[in-house]
Amino acid sequence: MDLVIPTIAQGLLWSILAIGVFLTYRVLDIADLTVEGSFPLGAAVAASMLTAGYDPYVSVIVAAFAGMLAGVVTGILTTKLKIPALLAGILTMIALYSVNLRIMGKANLSLLRVDTIFSLASFISENREMVTLVVGLTAVALVVMANYWFFGTEIGAAVRATGDNPNMIRANGIDTDATIILGLLLSNALVAVSGALIGQDNGFADVGMGTGTIVIGLASVIIGEVLFGTRNFLNWLISVVMGSIAYRVVIAVVLQMGMPPNDLKLFTAVLVAIALAMPLLKKKLKSNREVA
């Protein structure tokens, strides 16, 4: 029972990253590896600003803008220079490693004895995990509502249509290069915000904390889709959030059962592979039943 609140709280903070991955993977139909660089970028920017004495809320906003720039770089590489999206993301991710080191000045930056969003919100409860839960829930609610509103506008609909059918949207006079860049911008802004919040919650920013984030994001998206459905866009967004929480619950359970922490990345990769294969497995089972 002691693990329930911290597990849900962590799931909420990571769900912002999952929504960012969802925007590229499902909405734009692009596998964007920039997130492995923009996640620690958000943490690095926020931590550097906090240690310099800036307001924690301002640090998250600046981290979002830094993530936007990372997304724009990937967007320009893939749309203007015609570099495949996967390779463009890898190039940006590699470049961001050096950028993050430059921002922090070293590989790891501690936030001990520094005010964070979570310490400022300590009036909510004496329980640190409860504070994280409330802050995470508030942040996720704002992100979900903002995305639901934006993708209901004409520009948001154009971004969604670009992922569904780029040829059709170009025939209607929409610049798909601009919509792809916009989608990558929004995605990496959310990923950077998630990095900034998780860095503040953990009490440090580390240059290597982005390793495997794309797999965590994909796991959250796919688990959410399988368990909670995709009836409409709002339901889809909520499913991603619930998928992130479910993923964290699974991780907490397997750790409690004695799985070595070093095996978590392997376990996550297997979990994602199984989740991705589930639609095909269901289809095969259905066809076998019909034949029988």
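## Exercises on a predicted model

Ser 239 touches Gly 224, Phe 228 and Gly 229, when residues up to four places away in sequence are not counted. The exercises below concern a predicted model.

**Exercise 1.** Determine where Ser 239 lies and whether this residue is buried or exposed.

*Solution.* First, locate the residue: Ser 239 belongs to helix α11, which spans residues 233–256. Next, consider the relative accessibility, which is 1% for Ser 239. Buried means under 20%. Ser 239 therefore counts as buried.

**Exercise 2.** Describe the surroundings of Thr 268, including the polar contact of its side chain.

*Solution.* Begin with the helix: Thr 268 is found in α12, residues 264–291. Its relative accessibility is 3%, so Thr 268 counts as buried. Then list the contacts beyond four places in sequence: Thr 268 touches Val 215, Ala 219, Tyr 247 and Ile 251. Finally, examine Tyr 247, whose side chain is joined to that of Thr 268 by a polar contact of 2.7 Å.

**Exercise 3.** Identify the buried residues of helix α7 and the helices against which they pack.

*Solution.* Helix α7 covers residues 154–164, and its buried residues are Gly 156, Ala 158, Val 159, Ala 161, Thr 162 and Gly 163. These buried residues pack against α1 (4–27), α6 (128–150), α8 (166–171) and α9 (176–202).

**Exercise 4.** State which residues of the largest nonpolar core touch the most other members, and which helix gives the largest share.

*Solution.* The largest nonpolar core holds 77 residues, of which Ile 16, Ile 19, Phe 22 and Leu 197 touch the most other members. The largest share of this core comes from α1, with 12 residues. Now take Ile 16 as an example. Apart from neighbours within four places in sequence, Ile 16 is in contact with Ala 139, Val 140, Val 143, Leu 190, Val 193, Ser 194 and Leu 197.

**Exercise 5.** Characterise the packing of helices α3 and α9.

*Solution.* Two packed helices are described by the angle between their axes and by the distance between those axes. For α3 (residues 56–79) and α9, the axes come within 6 Å and cross at roughly 145°. The residues of this contact comprise 16 nonpolar, 9 polar and 1 charged. The crossing of α3 and α9 is right-handed.

**Exercise 6.** Decide whether Leu 69 is buried or exposed, and give the separation of its C-alpha atom from that of Leu 185.

*Solution.* Leu 69 is located in helix α3. Exposed means over 50% relative accessible area. At 60% relative accessibility, Leu 69 therefore counts as exposed. As for the separation, the C-alpha atoms of Leu 69 and Leu 185 are 6.9 Å apart, while the two residues are 116 residues apart along the chain.

Note on methods: Residues numbered from 1 in each chain as written. Predicted model: local features only at pLDDT ≥ 70, side-chain atom pairs only at ≥ 80, totals over all residues. Heavy atoms only, no water. Helix = DSSP H or I, 4+ residues; strand = E, 2+ residues; numbered from the N terminus. Buried < 20%, exposed > 50% of the residue type's maximum accessible area, 1.4 Å probe, protein only. Polar contact = N/O pair within 3.5 Å; in protein donor to acceptor, adjacent residues only side chain to side chain. Contact = heavy atoms within 4.5 Å. Core = buried A, V, L, I, M, F, W, Y, C linked by side-chain atoms within 4.5 Å. Axes fitted to C-alpha atoms, helices over the stretch in contact; angles between N-to-C directions. Left-handed = near helix turned anticlockwise from the far one by under 90°. Nonpolar A, V, L, I, M, F, W, Y, C, P; charged D, E, K, R; others polar.
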